[in-house]
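Here is a friendly walk through one protein model, with its charged contacts taken up before its surface and its backbone. Have the viewer open as you read.

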Amino acid sequence: MEKKLVYTGKTKNVYALENGNYLLKFKDDATGKDGVFDPGMNEVGLTIEGVGDVNLRMSIYFFEKINAAGIRTHYISADLNETTMEVLPAKVFGHGLEVICRYKAVGSFFRRYGEYIEEGADLPAYVEMTFKNDEKGDPLVTKDGLIVLGVMTDEQYEDIKAMTQQITAIVADEMKARGMELYDIKFEYGYDADGKVMLIDEIASGNMRVYKNGEYVDPMTLSELFFA
């Protein structure tokens, strides 16, 4: 099938297919700085051999589970030999939005609210959204803000929140079954021509914070432990 490059991303390239779908090509580039891996960085800092493969492997695993649970995603199929994933077309919200679900008060949440909560305290699958904007430091945005700015409707917001909590529970259960604990995870969503919300992008170890025996597990180690 003919494919046409439409976007070159930091960790994936996106191609348009003749059938109207898109093809994501996973790369071995990882975000970080000065050769040190950091999932929170907004630039490619290093190349890790095989990282594209493990990111795709984990994405396939979870997308298939999420689809089977009746939750809408953009995932259609994947080819591990080519490190590619075929997906449905979807529009992103605004210029890109990240949705974070938190089980523990760590990272930026604790930095913001540390005077009200202890580090590592339990959170009730707390959902927050940030605009993807490197220059502004990915600012937080409230439900009312998203609606006022015309980024999404009330119904879309509630769908995303409910889906995020359901999907996070699926990921957390899989980690628990392997003796690990999920602290937080970030997702991206889009919507189809009818405005229906679906999970997009990937579900890879670099998008989540996982601990084992109280110690942080770095993304490459997490991928190895997950498929061990």
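## Salt bridges between helices

Lys 143 and Glu 158 form a salt bridge, with 2.7 Å between the closest N and O atoms. Because Lys 143 lies in helix α3 (residues 143-148) and Glu 158 in helix α4, the pair ties together parts that are 15 residues apart in sequence. Please keep in mind that this is a predicted model. Lys 143 has a relative accessibility of 23%, so this residue counts as partly exposed. Glu 158 is also partly exposed, because its relative accessibility is 34%.

Which residue forms a salt bridge with Lys 65? The partner is Glu 174, and the closest N and O atoms of this pair are 3.6 Å apart. The contact links distant parts of the chain, since Glu 174 sits in helix α4 and Lys 65 in helix α1 (residues 51-68), 109 residues apart. Is Glu 174 buried or exposed? Its relative accessible area is 13%, and a residue under 20% counts as buried, so Glu 174 is buried. Lys 65, at 34% relative accessibility, is partly exposed.

## A second partner and a network

Glu 174 has another salt bridge to look at: its side chain meets that of Arg 178, with an N to O distance of 3.0 Å. Arg 178 counts as partly exposed, because its relative accessibility is 26%. Elsewhere, salt bridges that share partners join Arg 102, Arg 112, Glu 128, Asp 184 and Arg 209 into one network.

How many salt bridges does a search of the whole structure find? The count is 16. As general background, side chains of opposite charge can pair when their charged atoms come close.

## The second largest pocket

Helix α4 (residues 154-177) comes up again here: it gives the largest share of the lining of the second largest pocket, with four residues. The space in this pocket is about 180 Å³. Its lining is made by Arg 72, Thr 153, Glu 155, Gln 156, Asp 159, Met 163, Asp 194, Gly 195, Lys 196 and Val 197.

How do the lining residues divide into nonpolar, polar and charged? Five are charged, three are polar and two are nonpolar. If you color the pocket by residue class, Arg 72, Glu 155, Asp 159, Asp 194 and Lys 196 are among the names to pick out in the lining.

## A nonpolar patch on the surface

Turn now to the surface, where Val 6, Tyr 7 and Tyr 22 make a nonpolar patch of about 300 Å². Val 6 has its place in strand β1 (residues 3-8). With a relative accessible area of 45%, Val 6 is partly exposed. Membership in a patch calls for over 30% relative accessible area, so the 45% of Val 6 meets that cut-off.

## Backbone angles in two loops

Two residues are worth a look on a Ramachandran plot. Asp 201 is not a glycine, yet its phi is positive, at about 70 degrees. This residue is found in the loop between β14 (197-200) and β15 (208-212).

Asn 213, again not a glycine, has a positive phi of about 50 degrees. Its place is the loop between β15 and β16 (215-217). Asn 213 counts as exposed, because its relative accessibility is 73%.

## Distances in sequence and in space

Three pairs let you set separation along the chain beside separation in space. Lys 186 and Glu 98 are 88 residues apart along the chain, and their C-alpha atoms are separated by 6.4 Å. Lys 186 is found in strand β13 (residues 181-191), and its relative accessibility of 23% makes it partly exposed.

Ile 100 and Ala 78 are 22 residues apart in sequence, with 25 Å from C-alpha to C-alpha. Ile 100 belongs to strand β10 (residues 97-104) and is buried, with a relative accessible area of 9%. For Asp 173 and Tyr 116, 57 residues apart along the chain, the C-alpha separation is 28 Å. Asp 173 is in helix α4, and this residue counts as exposed at 54% relative accessibility.

Note on methods. Residues numbered from 1 in each chain as written. Predicted model: local features only at pLDDT ≥ 70, side-chain atom pairs only at ≥ 80, totals over all residues. Heavy atoms only, no water. Patch = residues over 30% accessible without salt bridge, like charges linked within 9 Å, V, L, I, M, F, W, Y side chains within 5 Å. Areas by Shrake-Rupley, 256 points an atom, 1.4 Å probe, with all protein chains shown as cover. Salt bridge = Lys/Arg side-chain N within 4 Å of Asp/Glu carboxyl O. Buried < 20%, exposed > 50% of the residue type's maximum accessible area, 1.4 Å probe, protein only. 1 Å grid on protein atoms, 1.4 Å probe; cavity = no way out; pocket = protein on both sides within 12 Å on 5 of 7 lines; lining within 4 Å. Points joined across faces, edges and corners; volume = space filled by probe spheres on them. Nonpolar A, V, L, I, M, F, W, Y, C, P; charged D, E, K, R; others polar.
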